[in-house]
Amino acid sequence: MTFEQLKPQVEKIVSNKSNLLKLNDCLLQICELLEANIPYYNWVGFYFKNGDKNELKLNAYVGEPTDHNIIPFGKGICGQVAVSNQNFVVPDVSAQDNYIACSITVKAEIVIPIFVNGENIGQIDIDSNTTDPFTEEDERFLEFVCHQVASMFQN
Ligand code: SME
């Protein structure tokens, strides 16, 4: 399925939040949608700032369970995005020093921050078992997804 075909499906999940679904259910449905339809998205999850702490906490995800439910700001790819506020595309995780391995099958990773009222509240994290799979199209699509997720925090 193409990104353009997936966009309305993401919007549909998000629009259900107000009447039918809780936030966490929406997030899980988005993870499931993306993992099922993009062959090189092999682990899809959302991390959010854990209250007042300078750490991320894992929320909904699809893929292998991970030990890294909590990630301190600055640690790993996710922790770096929490402080940089920038997209982080990693074509080859073995070339990264500050990387937290979750599975030996993972070759690449992309993390896109989620902003609500200009504040970085969390991120979508995607692992791929394929080396160098992500393009600018993935970034634009995942920015769209993060924008949709942000809208659920504003209503
Ligand atoms: N690899 C991430 C840790 C989270 S797992 O990918 C689920 C990182 O380096 O931050």
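Let me start with the hairpin that β1 and β2 form, in which five residues lie between the two strands, and please keep in mind throughout that we are looking at a predicted model. In the turn of this hairpin sits Gly 51, which has a positive phi of about 60 degrees. The two strands pair in the antiparallel sense, over five bridges, and if you would like one pair to find on the screen, take Gly 45, whose bridge partner in β2 is Tyr 61.

Now let us widen the view from the hairpin to the sheet. Six strands make up an open sheet with antiparallel pairing, and their order is β3-β2-β1-β6-β5-β4. Which strands stand at the edges? They are β3, residues 70-72, and β4, residues 88-90, and each has a single partner strand, so one side of each is left without a neighbour in the sheet. On average, and with direction ignored, neighbouring strands of this sheet are turned by 25 degrees against each other.

On one side of the hairpin, then, β2, which covers residues 55-62, is joined to β3 by three bridges, with the two strands running antiparallel; here Glu 55 stands opposite Pro 72 of β3. As for β1, six bridges join this strand to β6, again in an antiparallel arrangement, and Trp 43 stands opposite Asp 127 in β6. Is β1 largely enclosed or largely open? Six of its seven residues are buried, so β1 is largely enclosed by the rest of the structure.

That brings us to the helices. Helix α2 lies across β1, β2 and β6, that is, across residues 43-49 and 119-128 for β1 and β6, and it runs at about 60 degrees to β2.

The helix α2, residues 23-37, also meets helix α4, residues 136-154: their axes come within 11 Å and cross at roughly 165 degrees. Because angles over 145 degrees count as roughly antiparallel, α2 is described as roughly antiparallel to α4, and the crossing of the two is right-handed. Which residues make this contact? From α2 come Leu 23, Cys 26, Leu 27, Ile 30 and Leu 34, while α4 brings Phe 141, Leu 142, Val 145, Val 149, Met 152 and Phe 153. Sorted by class, the contact holds eleven nonpolar residues, with no polar and no charged ones.

So, to go back over the picture once more, we have a hairpin of β1 and β2 within an open sheet of six strands, with α2 lying across β1, β2 and β6 and also in contact with α4.

Methods: Residues are numbered from 1 along each chain as its sequence is written. This is a predicted model: local features need pLDDT of at least 70, side-chain atom pairs count only at pLDDT 80 or more; totals for chains, interfaces and linings use all residues. Side-chain values use heavy atoms; hydrogens and water are left out. Axes are lines fitted to C-alpha atoms, for helices over the stretch in contact, and angles run from 0 to 180 degrees between N-to-C directions. Helices (H or I, at least four residues) and strands (E, at least two) are DSSP runs, numbered from the N terminus. Angles under 35 degrees count as roughly parallel, over 145 as roughly antiparallel, 65 to 115 as roughly perpendicular and the rest as oblique. A crossing is left-handed if the near helix is turned anticlockwise from the far one by less than a right angle, and right-handed if clockwise. Contact means heavy atoms within 4.5 Å. Ala, Val, Leu, Ile, Met, Phe, Trp, Tyr, Cys and Pro count as nonpolar, Asp, Glu, Lys and Arg as charged, and the others, Gly among them, as polar. Two strands pair if DSSP finds at least two bridges between them. Buried means under 20% relative accessible area, exposed over 50%, partly exposed in between (1.4 Å probe, protein chains only).
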